[in-house]
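Let's take a friendly walk through a protein chain, from its overall make-up to the spaces inside it. Have the picture open and follow along.

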Amino acid sequence: MTGSEASPSFRLAYVPGVTPSKWVRIWNERLPDVPLTLVQVSATEAPDTLRDGGADAGLVRIPADRGGLAAIPLYTETTVVVVPKDHLVAAVDEVSTADLADEIVLHPLDDTLDWEALPGRPAFERPATTADAVELVAAGIGVLVVPQSLARLHHRKDLTYRPVTDAPASRVALSWPEADPTPDLVEHFIGIVRGRTVNSTRGPQRDTQDAKGGSRGAAAGKAATRRNARGGATGGKGGTAKSGAGKGSTAKGGRGAGPAKGARTAKGAKGGRRRP
C-alpha cells in the first residue's frame, strides 16, 4: 500500500502491448475509494521500476530480471514476424524460423524473447527500440520477430505479420516486490487478475460465508430429519407403497388395502343415494 493510511492508492506499471483496461475497470468497481494510477514503462525498465518503489505492482514480460520480485504468470502470447505486405511471407499462413534463414532479422535492444540463436542474418546494428525496428521493416531493411500484441501496437497499413511456429514465446506476468506479507492492495489485484469474484476474496469475508453455509447446511439437515420422522409416522412413501395391495396403497402412501377399499365403498353409497 502506498500513500497515507487515510488515503491509500495503488500504482500499476505496465509494459507496451499489455492492455490492463479490463482489470482496471474491475478495480474501480470494487474499490472506488482507492485510486489506481497506471505507470507505462518499457519492458527493460519494468523490473527496476518495481524494485525502486516506482509502482506497487506491474504487468511485465518474462523472461526478465526478476531478482527481488515475485511474479504470477498470466498468459503466453503468440510470436509473429512483421513483414511488408508485399513480402513472400505475407502469402502464407505461418512460418518457421528456418523460413527466415535468408532474411535480415532485426533484434531491438528492448527485445524480451529468450532466443537461443536468433534466426536469419543479423543487421548491421541493433535498433534501440521495437518501434525503431518497425520503421526499419517498413523501409525494407529487414523483418522483425515480436510478440503479437507488439505487432498490433505498432500496426501500419503497409505492414502485416504471420505466426512463427517454433519461435520462443513471451509470457506476461503480474509482478511485485517480494515482501512477507504481501500488501493488501496487491492481494486485491491478484484476486482480480485471477478472476476471483467479490465473494471469493481471501480473508474474513470467506470465513463468514463458510460459517453461513454451515448454518444453512445444519438447518437443511434438521428439516430433512423432520420430514423423515413424518414419513415414518404415516408409513412412508417408499417401499411400503410398492408392497401394499391395490391402487389405494399407492395413492395413500402405504396405508394398506383396507382403507382404500373402504373409500371406494363410501363413494358407491353416496352414488346410490342419488338414484331414484
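## The chain as a whole

Of the 276 residues in this predicted model, 37% count as buried. The chain has nine helices and ten strands. Its exposed surface comes to about 16,200 Å², and carbon and sulfur atoms supply 52% of that area.

How do contacts connect parts of the chain that are apart in sequence? Take the contacts between residues at least 6 apart in sequence: 67% of them join residues at least 24 apart.

## Helix H1 and its two faces

Start with helix H1, residues 21–30. Its buried residues are Trp23, Val24, Ile26 and Trp27. These residues cover an arc of only 160° around the axis, so they sit on the same side of H1. The face turned away from that buried side carries the exposed residues Lys22 and Glu29.

What covers the buried residues of H1? The cover includes four strands, E1 (10–14), E2 (36–40), E3 (57–62) and E4 (69–77), together with helix H5 (184–193).

## Helix H3 and its buried side

Now move along to helix H3, residues 130–138. Here the buried residues are Thr130, Ala133, Val134 and Val137. They span an arc of only 105° around the axis, which places them on the same side of H3.

Elements covering these buried residues include the strands E5 (79–84), E6 (104–106), E8 (143–147) and E9 (159–163), as well as helix H4 (148–153). Look just after H3 as well: Gly140 takes a positive phi of about 80° there.

## A buried threonine in a loop

Is Thr112 buried or exposed? Thr112 lies in the loop between E6 and strand E7 (121–122). With a relative accessible area of 10%, Thr112 falls under the 20% cut-off, so Thr112 counts as buried.

Which residues touch Thr112, leaving aside its neighbours within four places in sequence? Thr112 is in contact with Ala43, Arg61, Pro63 and Ser170.

## Empty space inside

How can we find gaps in a structure? Rolling a probe the size of a water molecule over the atoms shows where empty space is left. In this model, the count comes to two cavities of 30 Å³ or more. The largest cavity holds about 70 Å³ of space.

Residues lining the largest cavity include Val82, Val134, Leu144, Leu150, His154, His155, Arg156 and Tyr161. You have met Val134 already, as one of the buried residues of H3. E8, H4 and E9 each supply at least two residues of the cavity's lining, and E9 gives the most, with three. Sorted by class, the lining of the largest cavity has eight nonpolar, three polar and one charged residues.

## The second largest pocket

Finally, turn to the second largest pocket, which has a volume of about 200 Å³. It is lined by 17 residues. Those nearest the centre of the pocket are Pro16, Ala43, Asp110, Thr130 and Leu150. Some of these names are familiar: Thr130 is among the buried residues of H3, Ala43 is in contact with Thr112, and Leu150 also lines the largest cavity.

Which element gives the most to the lining of this second largest pocket? That is E8, with four residues. H3 and E8 each supply at least two residues of the lining. By class, the lining residues of the second largest pocket divide into nine nonpolar, five polar and three charged.

Technical notes. Residues numbered from 1 in each chain as written. Predicted model: local features only at pLDDT ≥ 70, side-chain atom pairs only at ≥ 80, totals over all residues. Heavy atoms only, no water. Buried < 20%, exposed > 50% of the residue type's maximum accessible area, 1.4 Å probe, protein only. Arc of directions from axis to C-beta. Contact = heavy atoms within 4.5 Å. 1 Å grid on protein atoms, 1.4 Å probe; cavity = no way out; pocket = protein on both sides within 12 Å on 5 of 7 lines; lining within 4 Å. Points joined across faces, edges and corners; volume = space filled by probe spheres on them. Nonpolar A, V, L, I, M, F, W, Y, C, P; charged D, E, K, R; others polar. Areas by Shrake-Rupley, 256 points an atom, 1.4 Å probe, with all protein chains shown as cover.
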